[in-house]
Amino acid sequence: MADSGILYVVATPIGNLGDITARALEVLTEVDVVASEDTRVARKLFNRYEIETPLIAYHDHNEAEQSVKLIKRLQGGDSIALISDAGTPLINDPGYVIVKNCQAAGIKVVPIPGASAVITALCAAGVATDQFYYGGFLPAKTKARCDILAGLLEREYCSVYYESTHRILASLNDIQATLGTERHIVIARELTKTFETIKGGPVGDIIEWITADHHQQKGEFVVIISGAPKVSALDDKSKALLVTLLAHLPPKVAAGIVADTFGLKKKEVYQFGLSLS
Ligand code: SAM
């Protein structure tokens, strides 16, 4: 039996056709066939880079049968590249079935990294990103959406969702209803395209802004919801004493008394005191 070919999982641009790597172009040119979500979309990319590799459709509706056929071709020695309409395959796009089947059959899978809307949005959002949760698309129905959003009430790191033009306003309203008007969010619209807009602020302000300008509701969106503000260990009584003492004593001394009185960490009380000035 011939050696198996390789399945390359290739990221393509999320808008600007210039955002493709040299390695991706090389692979798309050299493989035997490219399996693409929509061959018409792929054709635009191929025309731009004069790629003539044959295209076949691989999408949500034919993923199961097509992956069986493609595995046979791989086992026969063909090499195949998998692409989606935009960004990285498998990130809310088809590809899981064939990658899983290749791994099970011992066929080599090689990722060719590149654009993905989630990472593109995060790197320009201005929110803390050392840790984040990616939730794909929020559910279409309000009840299910609010149930998911309620899980963010105390999450201290940011959460990222994909959203469509049809639901952006409804989702923002549900974020406000569930997490409050002041929760900081960022919406990243039409990334890498002509009308790219990245706007952050309290969700209440973002709703006002997007409602006032309907153009801002058009296109593709990434919504980043910042983590919940850290809850202070100081309750109303300890805060009140601290405020009183700060009027008469140096901050370190005031913080020491409050910490001793309420069994709190002096450093935390001191830092809270600084945030008041
Ligand atoms: N595989 C893609 C990726 O790696 O980002 C995601 C595909 S998913 C079907 C499409 C969604 O991704 C859009 O509805 C939108 O939420 C987000 N998206 C894709 N391109 C985008 C862009 N240029 N600007 C903002 N969001 C985008």
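In the predicted model, strand E7 (residues 158–163) and strand E10 are paired in the antiparallel sense over five bridges. Within this pairing, tyrosine 162 lies opposite valine 222 of E10. E10 also pairs with strand E8 (residues 184–189), again through five bridges, and these two strands run antiparallel. Here alanine 188 stands opposite valine 222 in E10, and isoleucine 187 has valine 223 of E10 as its bridge partner. Valine 222 is thus faced by tyrosine 162 and by alanine 188.

Strand E10 spans residues 221–225, and five of its five residues are buried, so the strand is largely enclosed by the rest of the structure. The burial applies to both faces of E10: Phe221, Val223 and Ile225 are buried on one side, and Val222 and Ile224 are buried on the other. Strand E8 is mostly covered, with five of its six residues buried.

E7, E10 and E8 belong to an open sheet of five strands, arranged in the order E6-E7-E10-E8-E9, with mixed pairing. Its edges are formed by strand E6 (132–137) and E9, each of which pairs on one side only. From one strand to the next, the twist averages 15°. At one edge, E6 is joined to E7 by four bridges, and the two strands run parallel. In this pair, cysteine 158 of E7 is the bridge partner of phenylalanine 132. Helix H7 (residues 168–179) packs on the sheet and touches E7, E8 and E10, and the direction of H7 makes about 5° with that of E10. At the other edge, E8 and E9 pair in the antiparallel sense over six bridges. Alanine 188, which stands opposite valine 222 in E10, also stands opposite isoleucine 198 in E9.

The loop between E8 and strand E9 (197–202) contains glutamate 190. The relative accessibility of glutamate 190 is 15%, and the residue therefore counts as buried. Leaving aside residues up to four places away in sequence, glutamate 190 touches Phe195, Glu196, Lys218, Gly219 and Glu220.

Another open sheet of five strands has the order E3-E2-E4-E1-E5, and its pairing is parallel. Strand E3 (55–57) and strand E5 (109–112) are the edge strands, each pairing on one side only. Neighbouring strands of this sheet are turned against each other by 25° on average, direction ignored. Strand E1 (residues 7–10) is joined to E5 by four bridges, and the two run parallel. Valine 9 is placed opposite proline 111 in E5. Helix H1 (residues 22–30) packs on this sheet, in contact with E1, strand E2 (33–36), strand E4 (80–83) and E5, and the direction of H1 makes about 135° with that of E5. Helix H4 (residues 96–105) also packs on the sheet, where it touches E1, E4 and E5; the direction of H4 makes about 145° with that of E1.

Glycine 87 is located in the loop between E4 and H4. With a relative accessible area of 2%, glycine 87 is buried. Its contacts, not counting residues up to four places away in sequence, are Val10, Ala11, Thr12, Pro13, Ile14 and Ala115. The C-alpha atoms of glycine 87 and proline 113 are separated by 9.3 Å, although these residues are 26 residues apart along the chain.

Contact between helices was examined for H9 and H11. Two packed helices are described by the angle between their axes and the distance between the axes. The axes of helix H9 (residues 236–246) and helix H11 (residues 266–276) come within 11 Å and cross at roughly 65°. H9 is therefore roughly perpendicular to H11. The crossing of these two helices is right-handed. On the H9 side, the contact involves Lys239, Leu242, Val243 and Leu246, which meet Val269, Phe272, Gly273 and Leu276 in H11. By class, the residues in the contact of H9 with H11 are six nonpolar, one polar and one charged.

Conventions: Residues are numbered from 1 along each chain as its sequence is written. This is a predicted model: local features need pLDDT of at least 70, side-chain atom pairs count only at pLDDT 80 or more; totals for chains, interfaces and linings use all residues. Side-chain values use heavy atoms; hydrogens and water are left out. Axes are lines fitted to C-alpha atoms, for helices over the stretch in contact, and angles run from 0 to 180 degrees between N-to-C directions. Angles under 35 degrees count as roughly parallel, over 145 as roughly antiparallel, 65 to 115 as roughly perpendicular and the rest as oblique. A crossing is left-handed if the near helix is turned anticlockwise from the far one by less than a right angle, and right-handed if clockwise. Contact means heavy atoms within 4.5 Å. Ala, Val, Leu, Ile, Met, Phe, Trp, Tyr, Cys and Pro count as nonpolar, Asp, Glu, Lys and Arg as charged, and the others, Gly among them, as polar. Buried means under 20% relative accessible area, exposed over 50%, partly exposed in between (1.4 Å probe, protein chains only). Two strands pair if DSSP finds at least two bridges between them.
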